[in-house]
Amino acid sequence: YKNIPSIQMNSYIAYLDVLGTKNSSENEDFDEYIKLITCFQNALIRSSHLLDETGKIYFFSDCAYIESCNINSLIDMLSSIRQTLFDDEKFVRGAVVKGKLGALNSDDIEDCEKRYADDPDLLHKMKASLNFFKQSKDNSKIKGTLFFCKDVAKAYTFESQLKGAAFYIDNEIRKETKDIVKSGFVSNIQKNTYNSFYDIKYNSESITSSFIEKVLRFYALSNTSDVKYGRYYLTILISCINSEDFSNIKYDEEKRKFVDSPEIFYKILNLKKSHKLVYNNAKGLEYLYFALIDKFYSDVKDMTLRRYFLNEVFLNYRFLSKYQNKISQLPKELISNRTKKSLLEDIVEITLA
């Protein structure tokens, strides 16, 4: 294999599946099941042009593995799939890790020799398996893809552990792209346990009022059905908060309201009035407000503006007030140490005023 030049230095893989297929099959809603799968496969096809030239997509039913040597093109494709499915009112979950698929089917061994030229041991295994397949008497009956690398299991594990409609970005590749944001999910409903991770950033232009309203509608529907499903939409909102820029927000003292604020800021501040079903019943909703606080404090340096914000959001929400004497105990993944310090000072100033 020494005469075959390697075409990649790094390789990245993603595993993803469309959410809702299990629920559709259990409810015997077979039309919806087929619709979900069709929408997912169409989204893969429509977004495939964004993948780099060496990229490959392997899909079956409601899931897919994708390999690429360009992390940015992979993230662009996944972002496009997410938006395409959202437009069809469908949601996706996935994970991205550094690694190889070692994917092989019967007609792409020459391609594999180029893709994995830097790994002769892997190529030896692949060729041995392909020879065994060709020697089988029933090889015409078998169609599929073989995966030879353990990285496949890593991507699958991260995806299956994620309890949110999002893409888990492995810590190993976080610094290799700017198109990610901090997010989180409730991993244990009974204990209300919060897990922080990094998700693919949302395009600011896509976080419209109608987008957020659609998320909140599905949040309410799923949460009313079962809180373990509702929590998946909490992650979308947290990712959207961290995808926006709050630095241009101002406060109109005469009208007593914030202006020049992103839609997500306005929607979360008014959640108690506009979406009572979510506000009163969703598990872990305090994490949404802590994400809002952390983002606001990260982007806004004006002390007066921050205290207007706190008066509006922190002291008026029953499930946040219980944390007033426990701020120091909040994990830094939820609120940074810098935000925590400023938050404590502002709470004291507001209380004494």
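1. In this predicted model, Glu67 of strand β3 is the bridge partner of Lys56. The pairing to which this bridge belongs joins β2 (residues 56-60) to β3 (residues 63-68); the two strands run antiparallel and share five bridges. Two residues separate the strands of this hairpin, and within the hairpin Ser61 adopts a positive phi near 55°.

2. Glu67 also serves as the bridge partner in β3 of Ile13. Strand β1 thus enters the description: β1 and β3 are paired in the antiparallel sense, over six bridges. Strand β4 (residues 92-98) is likewise antiparallel to β1, to which seven bridges join it. One point of contact in that pairing can be given by name, as Tyr15 has Ala95 of β4 for its bridge partner.

3. How many of the seven residues of β1 (residues 12-18) are buried? The count is seven of the seven, and the strand is therefore largely enclosed by the rest of the structure. In a regular strand, side chains alternate between the two faces of the sheet. Burial in β1 extends to both faces: Tyr12, Ala14, Leu16 and Val18 are buried on one side, and Ile13, Tyr15 and Asp17 are buried on the other. Tyr15, already noted as the partner of Ala95, and Ile13, the partner of Glu67, are therefore to be read together with Asp17 as one covered side of a strand that is enclosed.

4. Helix α2 (residues 30-47) has the length expected of it. With 18 residues at 1.5 Å a residue, the helix should span 26 Å, and the distance between its end C-alpha atoms is 26 Å, which agrees. The buried residues of α2 are Leu36, Ile37, Cys39, Phe40, Ala43, Leu44 and Ser47. Viewed down the helix axis, these buried residues fall within an arc of 160°, so they line one face of α2. Phe30, Asp31, Ile45 and Arg46 are exposed and lie on the face turned away from that buried side. An α-helix has 3.6 residues a turn, so residues three or four places apart point the same way.

5. The loop between α2 and β2 contains His49. Is this residue buried or exposed? The relative accessible area of His49 is 61%, and the residue is exposed because this value lies over the 50% cut-off. His49 and Met77 are 28 residues apart in sequence, while their C-alpha atoms are 8.0 Å apart in space.

6. Two cavities of 30 Å³ or more are found when the whole structure is searched. The largest has a volume of about 80 Å³. Its lining consists of Arg82, Leu85, Phe86, Lys90, Phe91, Val92, Ala165, Tyr202, Phe211 and Ile236. Helix α3 (residues 71-87) gives the most to this lining, with three residues. By class, the lining of the largest cavity holds eight nonpolar residues, two charged and no polar.

7. The second largest cavity has a volume of about 50 Å³. The residues that line this cavity are Lys182, Ser183, Tyr194, Ile238, Asn242, Ala291, Asp294, Glu333 and Leu334. Strand β8 (180-188) and the helices α8 (227-243) and α12 (286-299) are the elements that give two or more residues to this lining. The lining of the second largest cavity comprises four nonpolar, two polar and three charged residues.

8. Helix α12, one of the elements lining the second largest cavity, is mostly covered, with 13 of its 14 residues buried. Its length also agrees with expectation: at 1.5 Å a residue, the 14 residues should span 20 Å, and the end C-alpha atoms are 20 Å apart.

9. Among the pockets, the second largest has a volume of about 390 Å³. Which of its 13 lining residues are the closest to its centre? They are Tyr266, Leu269, Asn270, Lys273 and Glu312. Elements that give two or more residues to the lining of this pocket are β11 (257-259), α9 (263-269) and α10 (271-274). Of the elements, α9 gives the most, with three residues. The lining of the second largest pocket divides by class into five nonpolar, three polar and five charged residues.

Key: Residues are numbered from 1 along each chain as its sequence is written. This is a predicted model: local features need pLDDT of at least 70, side-chain atom pairs count only at pLDDT 80 or more; totals for chains, interfaces and linings use all residues. Side-chain values use heavy atoms; hydrogens and water are left out. On a 1 Å grid over the protein atoms alone, a cavity is a set of points where a 1.4 Å probe fits but cannot get out, and a pocket is an open set with protein on both sides within 12 Å along at least five of seven lines; lining residues have an atom within 4 Å of a point. Grid points are joined across faces, edges and corners, and a volume is the space filled by probe spheres set on the points. Helices (H or I, at least four residues) and strands (E, at least two) are DSSP runs, numbered from the N terminus. Ala, Val, Leu, Ile, Met, Phe, Trp, Tyr, Cys and Pro count as nonpolar, Asp, Glu, Lys and Arg as charged, and the others, Gly among them, as polar. Two strands pair if DSSP finds at least two bridges between them. The expected span of a helix is 1.5 Å times one less than its number of residues. Buried means under 20% relative accessible area, exposed over 50%, partly exposed in between (1.4 Å probe, protein chains only). The arc is that of the directions from the helix axis to the C-beta atoms.
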